[in-house]
Amino acid sequence: MTTTLPVSLLVIFFLVAVVRQAFPYYIFPSSELDALQAIYNATDGPDWIWDHAVDSNPWNFAAVNDTYNPCTGHWEGISCTSNCQESPCSILYFILDGANLNGQLPDVFGAFPNILSMGFDSLPFLTGKDYRRRHNCTP
């Protein structure tokens, strides 16, 4: 006796394949995006100084959607686990030395489960609970 898949199941597999081809990106974790927004807002983000490194862009929360996020948009100072196409993406590093952050860092670092390192040196107007101890992190 041969077993065949019901036609409705085959249609579902087909539709999943089509959608996966049309939208090949993984969704960036909203918890990480919210934490980045909190850091940006609490540290005078509109007045940050960008160094406009090659292949990097200033942070642009207004443009975030299913295919544009800190990883796919190559946001300045951020390195990710992937480009969100082949696998889920998450922030590994962010280095904001010299970006003119001013204010108190919010306690949102638990939102970055894969973070390995953060750089906040050369930021004399930055305060926050133990942020200087968080340079080398282990997930």
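# Loops, strands and a pocket in a predicted model

Me: In which loop is N100 found?
Reply: The structure is a predicted model. In this model N100 belongs to neither of the flanking strands, the second of which, β3, spans residues 103-104. The place of N100 is the loop between β2 and β3.

Me: Is N100 buried, partly exposed or exposed?
Reply: Phi of N100 is near 70°, a positive value in a residue other than glycine. The relative accessible area of N100 is 33%. Buried requires under 20% and exposed over 50%, so N100 with its 33% counts as partly exposed.

Me: What is the approximate phi of H74?
Reply: H74 lies in the loop between α2 and β1, the latter covering residues 78-80. Its relative accessibility is 45%, so H74 counts as partly exposed. Although H74 is not a glycine, its phi is positive, at about 50°.

Me: What is the C-alpha to C-alpha distance between S56 and G77?
Reply: S56 is found in the loop between α2 and β1. S56 counts as buried because its relative accessibility is 16%, and the cut-off for buried is under 20%. Although S56 and G77 are 21 residues apart in sequence, their C-alpha atoms are separated in space by 7.9 Å.

Me: Which residues line the largest pocket?
Reply: The largest pocket has a volume of about 160 Å³. Its lining draws on separate stretches of the chain, I49 to D51, E76 with G77, and I95 to A99. Written in full, the lining residues are I49, W50, D51, E76, G77, I95, L96, D97, G98 and A99.

Me: How many residues in the lining of the largest pocket are nonpolar, polar and charged?
Reply: Asp and Glu count as charged and Gly as polar, whereas Ala, Leu, Ile and Trp count as nonpolar. The lining includes D51, E76 and D97, as well as G77 and G98. The lining of the largest pocket therefore divides, by these classes, into five nonpolar, two polar and three charged.

Me: Which residues make the nonpolar surface patch of about 230 Å²?
Reply: One member, I95, is in strand β2, which runs over residues 91-95, and I95 is also among the residues lining the largest pocket. At 41% relative accessibility I95 counts as partly exposed, and residues of a patch need over 30%. The patch of about 230 Å² is made by Y93, I95 and L116.

Me: How far apart in space are I91 and F28, C-alpha to C-alpha?
Reply: I91 is found in strand β2. With a relative accessible area of 0%, I91 is buried. Along the sequence I91 and F28 are 63 residues apart, whereas in space the C-alpha to C-alpha distance is 9.4 Å.

Me: By what distance are the C-alpha atoms of Y26 and T67 separated?
Reply: Y26 lies in the loop between α1, residues 7-22, and α2, residues 30-42. Y26 counts as partly exposed because its relative accessibility is 29%. T67 is 41 residues from Y26 along the chain, yet the C-alpha atoms of the two are separated by 7.9 Å.

Me: Which residue, 69 residues from I39 along the chain, has its C-alpha atom 7.9 Å from that of I39?
Reply: I39 is found in helix α2. At 0% relative accessibility, I39 counts as buried. The residue whose C-alpha atom is separated from that of I39 by 7.9 Å, across 69 residues of chain, is V108.

Me: What pattern of helices and strands does the protein chain follow along the sequence?
Reply: The protein chain has 139 residues, of which 35% count as buried. It contains two helices and five strands. Read along the sequence, the pattern is α-α-β-β-β-β-β.

Definitions and conventions. Residues numbered from 1 in each chain as written. Predicted model: local features only at pLDDT ≥ 70, side-chain atom pairs only at ≥ 80, totals over all residues. Heavy atoms only, no water. Patch = residues over 30% accessible without salt bridge, like charges linked within 9 Å, V, L, I, M, F, W, Y side chains within 5 Å. Areas by Shrake-Rupley, 256 points an atom, 1.4 Å probe, with all protein chains shown as cover. Salt bridge = Lys/Arg side-chain N within 4 Å of Asp/Glu carboxyl O. Helix = DSSP H or I, 4+ residues; strand = E, 2+ residues; numbered from the N terminus. Buried < 20%, exposed > 50% of the residue type's maximum accessible area, 1.4 Å probe, protein only. 1 Å grid on protein atoms, 1.4 Å probe; cavity = no way out; pocket = protein on both sides within 12 Å on 5 of 7 lines; lining within 4 Å. Points joined across faces, edges and corners; volume = space filled by probe spheres on them.
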